[in-house]
Amino acid sequence: MCSKPHSRGGGLWVCHVTLSTLAPSGRALGVYEGQAQPGRASGGPSRSSFPPSVWPSAAFRALAKTPAALALNKTQHCKQLEGLVSAQVQLCRSNLELMHTVVHAARQAMKTCRRAFADMRWNCSSIELAPNYLMDLERGTRESAFVYALSAAAISHAIARACTSGDLPGCSCGPVPGEPPGPGDRWGGCADNLSYGLLMGAKFSDAPMKVKKTGSQANKLMRLHNSEVGRQALRASLEMKCKCHGVSGSCSIRTCWKGLQELQDVAADLKTRYLSATKVVHRPMGTRKHLVPKDLDIRPVKDSELVYLQSSPDFCMKNEKVGSHGTQDRQCNKTSNGSDSCDLMCCGRGYNPYTDRVVERCHCKYHWCCYVTCRRCERTVERYVCK
């Protein structure tokens with residue numbers, strides 16, 4: 001906990017710390033304040049009028065807007081959740097204790113998507129409109145593919161972690177791995193219950209796609225496929241985590257368990273798959289129609305790749321008909337060579353510079369035991385926004 005100084009530009013910040021809460025990585029945590037930045041898109045786009053039941057994954061992300069005042073402790077509360085189809089309402093009633101975790105997962109999916117694409121022209125801002133999306137997430141685009149995959153991963157991730165933390169009465173720690181641990185290691189702790197998370201997550205997120213009267217068959221197949229890709233990425237994120245024991249931190253013995261990586265790491269994996277996603281078509285093969293690669297009809301769609309049906313715009317200019325917010329007034333990086341560079345972000349239109357005053361803690365000193373004092377420093381930085 002830190003207290004601000006009363007004087008400007010040179011006062012001391014006093015921060016009391018608890019040793020048990022220090023980050024295990026040992027990295028310093030920077031805190032800064034700044035003036036309002038013009039790097040946000042100006043003006044909110046108008047919402048489309050697609051009914052939630054037609055666009056099923058939107059219902060899950062609409063849960064992110066569930067009012068905190070809604071207790072979710074009675075079965076009648078399930079009908080107050082926006083956009084759920086009947087199968088989800090029934091799942092809510094029979095697993096009421098699960099719904100707080102589902103709502104938390106929806107909020108995490110939104111935040112993680114925005115964070116993952118903050119450096120690109122399409123910055124996942126449309127996800128805030130759930131369940132009434134713009135066309136960037138309704139036409140079966142590669143952006144839609146990513147959002148469905150991330151949503152499926154997020155709900156299973158949240159449920160698996162909730163089992164570990166004891167928040168769900170219907171599950172507990174994950175099983176002890178069958179293989180022996182390494183030398184000096186022993187299985188212990190509480191593993192993330194991935195199997196339960198995948199089971200319940202799939203029941204909830206896939207239920208709308210199995211309703212016969214909603215959406216085209218091609219869109220359903222695409223969304224089911226991409227949701228499974230998201231869960232596959234979550235499975236791949238399961239890793240061995242260990243805690244050291246021994247005299248004076250010698251780490252002579254380690255207690256280990258299987259734990260999931262953070263959702264943002266799963267999103268990074270899915271973003272890589274987004275960049276290499278395969279365009280598909282809904283084509284008869286034998287007695288049924290399947291999704292097959294548009295340009296590579298010889299090979300089937302791989303289980304690990306994201307797929308999409310419609311090509312996306314370049315997102316340079318605002319065009320609500322295709323779901324593009326444009327990049328005017330978006331902040332860019334003048335020295336970058338990546339997707340956040342001013343050349344790419346601004347689509348060659350140029351950029352405007354502006355100055356920003358940043359206030360941050362500096363010259364921090366740790367005092368035994370246990371508080372930190374920091375000075376309060378101000379500096380002026382130059383930033384850039386697209387024309």
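Buried means under 20% relative accessible area, exposed means over 50%, and partly exposed is what falls in between, using a 1.4 Å probe and protein chains only. With that rule, arginine 376 counts as buried, with a relative accessible area of 14%.

The model here is predicted, so local features need pLDDT of at least 70 and side-chain atom pairs count only at pLDDT 80 or more, while totals for chains, interfaces and linings use all residues. Residues are numbered from 1 along each chain as its sequence is written, and side-chain values use heavy atoms, with hydrogens and water left out.

**Salt bridges**

Let us stay with arginine 376 for a moment. A salt bridge is a side-chain nitrogen of Lys or Arg within 4 Å of a carboxyl oxygen of Asp or Glu, and by this rule the count comes to 13. Three of them are set out here, with the closest N to O distance for each.

| Pair | N to O distance | Relative accessibility |
|---|---|---|
| Aspartate 119 and lysine 271 | 3.1 Å | 29% and 16% |
| Glutamate 228 and arginine 235 | 3.1 Å | 32% and 39% |
| Arginine 376 and glutamate 378 | 3.7 Å | 14% and 34% |

The side chains of aspartate 119 and lysine 271 meet in a salt bridge. Aspartate 119 lies in the loop between H3 and H4 and lysine 271 in helix H7 (residues 263-275), so this pair ties together parts that are 152 residues apart in sequence. Here helices (H or I, at least four residues) and strands (E, at least two) are DSSP runs, numbered from the N terminus. Aspartate 119 is partly exposed, whereas lysine 271 is buried.

In the second pair, glutamate 228 and arginine 235 both count as partly exposed. These two also belong to a network of salt bridges that links Asp206, Glu228, Arg231 and Arg235.

**Helix H4 and the loop before it**

Helix H4 covers residues 142-165. Its 24 residues reach 34 Å from the first C-alpha to the last, close to the 34 Å expected at 1.5 Å a residue; the expected span is 1.5 Å times one less than the number of residues. H4 is mostly covered, with 21 of its 24 residues buried. Glycine 166 follows H4 and has a positive phi, near 80°.

What does arginine 139 do for a charge partner, given that it is buried? Arginine 139 has no salt bridge, and the nearest side chain of opposite charge, glutamate 143, is 6.6 Å away. For this purpose Lys and Arg count as positive and Asp and Glu as negative, while His and the chain ends are not counted. Arginine 139 lies in the loop between helix H3 (99-116) and H4. A polar atom of its side chain lies 2.9 Å from the backbone oxygen of serine 311. Not counting residues up to four places away in sequence, arginine 139 touches Gln310, Ser311, Ser312, Pro313 and Val322, where contact means heavy atoms within 4.5 Å.

**A three-stranded sheet**

Strands S8, S7 and S9 form an open sheet in the order S8-S7-S9, with mixed pairing. S8 (288-293) and S9 (307-308) stand at the edges, each with a single partner strand, so one side of each is left without a neighbour in the sheet. Two strands pair if DSSP finds at least two bridges between them. S7 (residues 278-285) and S9 pair in the parallel sense over two bridges, and lysine 279 stands opposite tyrosine 308 in S9. S7 and S8 pair in the antiparallel sense over six bridges, with proline 284 opposite lysine 289 in S8. S7 and S8 form a hairpin with two residues between them, and glycine 286 in the turn has a positive phi of about 75°.

**Two buried residues**

Cysteine 362 sits in strand S13 (residues 351-367) and is buried, at 14% relative accessible area. Leaving aside neighbours within four places in sequence, cysteine 362 is in contact with Cys374, Arg375, Arg376 and Cys377. One of these, Arg376, is the arginine that forms a salt bridge with glutamate 378.

Threonine 327 belongs to the loop between strand S11 (324-325) and strand S12 (331-332), and at 0% relative accessibility it counts as buried. Beyond four places in sequence, threonine 327 touches residues including Arg121, Phe315, Met345 and Cys386. Threonine 327 and valine 385 are 58 residues apart in sequence and 9.0 Å apart in space, C-alpha to C-alpha.

Note on methods. Polar contact = N/O pair within 3.5 Å; in protein donor to acceptor, adjacent residues only side chain to side chain.
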